[in-house]
Amino acid sequence: QVQLVESGGGLVQEGGSLRLSCAASIRTFSAYGMSWFRQAPGKEREFVAAISRSGVSKDYGDSVKGRFTVSRDKAKNTVYLQMNDLKPEDTAVYYCAAVRTFSNDNTYTRLADFSSWGQGTQVTVSS
């Protein structure tokens, strides 16, 4: 059973930074591709960032490219999302998701790719 717990959300001013963490209770963490999604009130959940099981391949949503960085620490079974230059439109609940894969370098960006989700962490950016 996969359990994902996000943390690190909060209230930050425009232009500020936050680092989100997602701790995974997965025996074989290195067998999973990991991704971040977000959902703002009244909007659909959207893709933010993805990292392959090897950690080599990364992918980002257009609205966060150049500002957000995804990484993973295999020793800690944790994936991170470093968010810089935050904007009010980044306000949302952020979710991490895991997908078991045999591919070392594929990244996964579609909601339908995932069956395991965390409970989410709120990020609020004030102007």
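Colleague: Hi! I'm new to this one. How many residues sit between β7 and β8 in their hairpin?

Modeller: Welcome! Four residues lie between β7 and β8 in that hairpin, and N77 in the turn has a positive phi of about 50°. Keep in mind that this is a predicted model.

Colleague: Where does N77 sit, then?

Modeller: N77 belongs to the loop between β7 and β8. Its phi near 50° is a positive value in a residue other than glycine. For background, a negative phi is what most residues other than glycine have.

Colleague: And what about the phi of D85?

Modeller: D85 also has a phi near 50°, again a positive value in a residue that is not glycine. You'll find D85 in the loop between β8 and β9.

Colleague: Why does D85 count as partly exposed?

Modeller: Because its relative accessibility is 40%, and partly exposed covers what falls between the buried limit of under 20% and the exposed limit of over 50%.

Colleague: Back to the hairpin strands. In which sense do β7 and β8 pair?

Modeller: They are antiparallel: strand β7, residues 68-73, pairs with strand β8, residues 78-83, over six bridges. To pick out one position, T69 stands opposite Q82 in β8.

Colleague: Which residues of β7 are on its covered face?

Modeller: F68, V70 and R72 make up the covered face, while T69, S71 and D73 are on the uncovered one.

Colleague: R72 is a charged one. Which ring does R72 lie over?

Modeller: R72 lies over the face of F29, 4.3 Å from the ring centre. There's another arginine to look at, R45: its charged end sits over the ring of Y95, 3.7 Å from the centre of that ring.

Colleague: Nice. What else does β8 pair with, on the β3 side?

Modeller: β3 and β8 run antiparallel and are joined by six bridges. For instance, L18 stands opposite M83 in β8. β3 also pairs with strand β1, residues 3-7, in the antiparallel sense over five bridges. There, V5 has A23 in β3 as its bridge partner.

Colleague: Changing topic: how many disulfides does a search of the whole structure find?

Modeller: That search finds one disulfide. C22 and C96 form it, with their sulfur atoms 1.9 Å apart. The pair links distant parts of the chain, since C22 is in strand β3 (residues 18-25) and C96 is in strand β9 (residues 92-100), 74 residues apart.

Colleague: Is that disulfide left-handed or right-handed, and why?

Modeller: The torsion about the S-S bond of C22 and C96 is about 45°, so the disulfide is right-handed.

Colleague: Is C22 buried or exposed?

Modeller: C22 is buried, because its relative accessibility is 0%. C96 counts as buried too, with a relative accessibility of 0%.

Colleague: On to aromatics. How many aromatic pairs does the whole structure hold?

Modeller: Four aromatic pairs turn up in a search of the whole structure. One of them is F114 with W117: the ring centres are 5.8 Å apart and the planes are at 65°, so this pair is edge-to-face.

Colleague: Why does that angle make it edge-to-face?

Modeller: Because planes over 60 degrees apart count as edge-to-face, and the planes of F114 and W117 are at 65°.

Colleague: Which residues share a cluster with those two?

Modeller: F37 and F47 join F114 and W117 in one aromatic cluster. F114 is buried, at 8% relative accessible area, whereas W117 is partly exposed at 26%.

Colleague: Now V123. Which strand does V123 lie in, and what does V123 touch?

Modeller: V123 lies in strand β11, residues 121-126. Setting aside residues up to four places away in sequence, V123 touches G9, G10, L18, L20, M83, D90, T91, A92 and Y94. V123 counts as buried, with 0% relative accessibility. Its C-alpha atom is separated by 6.2 Å from that of L11, although the two are 112 residues apart along the chain.

Colleague: Last one: where is A40 found?

Modeller: A40 is found in the loop between β4 (32-39) and β5 (46-51). Apart from its neighbours within four places in sequence, A40 is in contact with T91 and A92.

Colleague: Why does A40 count as buried?

Modeller: Its relative accessible area is 19%, and buried means under 20%, so A40 falls on the buried side.

Note on methods
Residues numbered from 1 in each chain as written. Predicted model: local features only at pLDDT ≥ 70, side-chain atom pairs only at ≥ 80, totals over all residues. Heavy atoms only, no water. Helix = DSSP H or I, 4+ residues; strand = E, 2+ residues; numbered from the N terminus. Buried < 20%, exposed > 50% of the residue type's maximum accessible area, 1.4 Å probe, protein only. Contact = heavy atoms within 4.5 Å. Phe/Tyr/Trp six-rings, centres within 6.5 Å; stacked < 30°, edge-to-face > 60°. Lys NZ or Arg CZ within 6 Å of the ring centre and 35° of its normal. Disulfide = S-S within 2.5 Å. Pairing = 2+ DSSP bridges.
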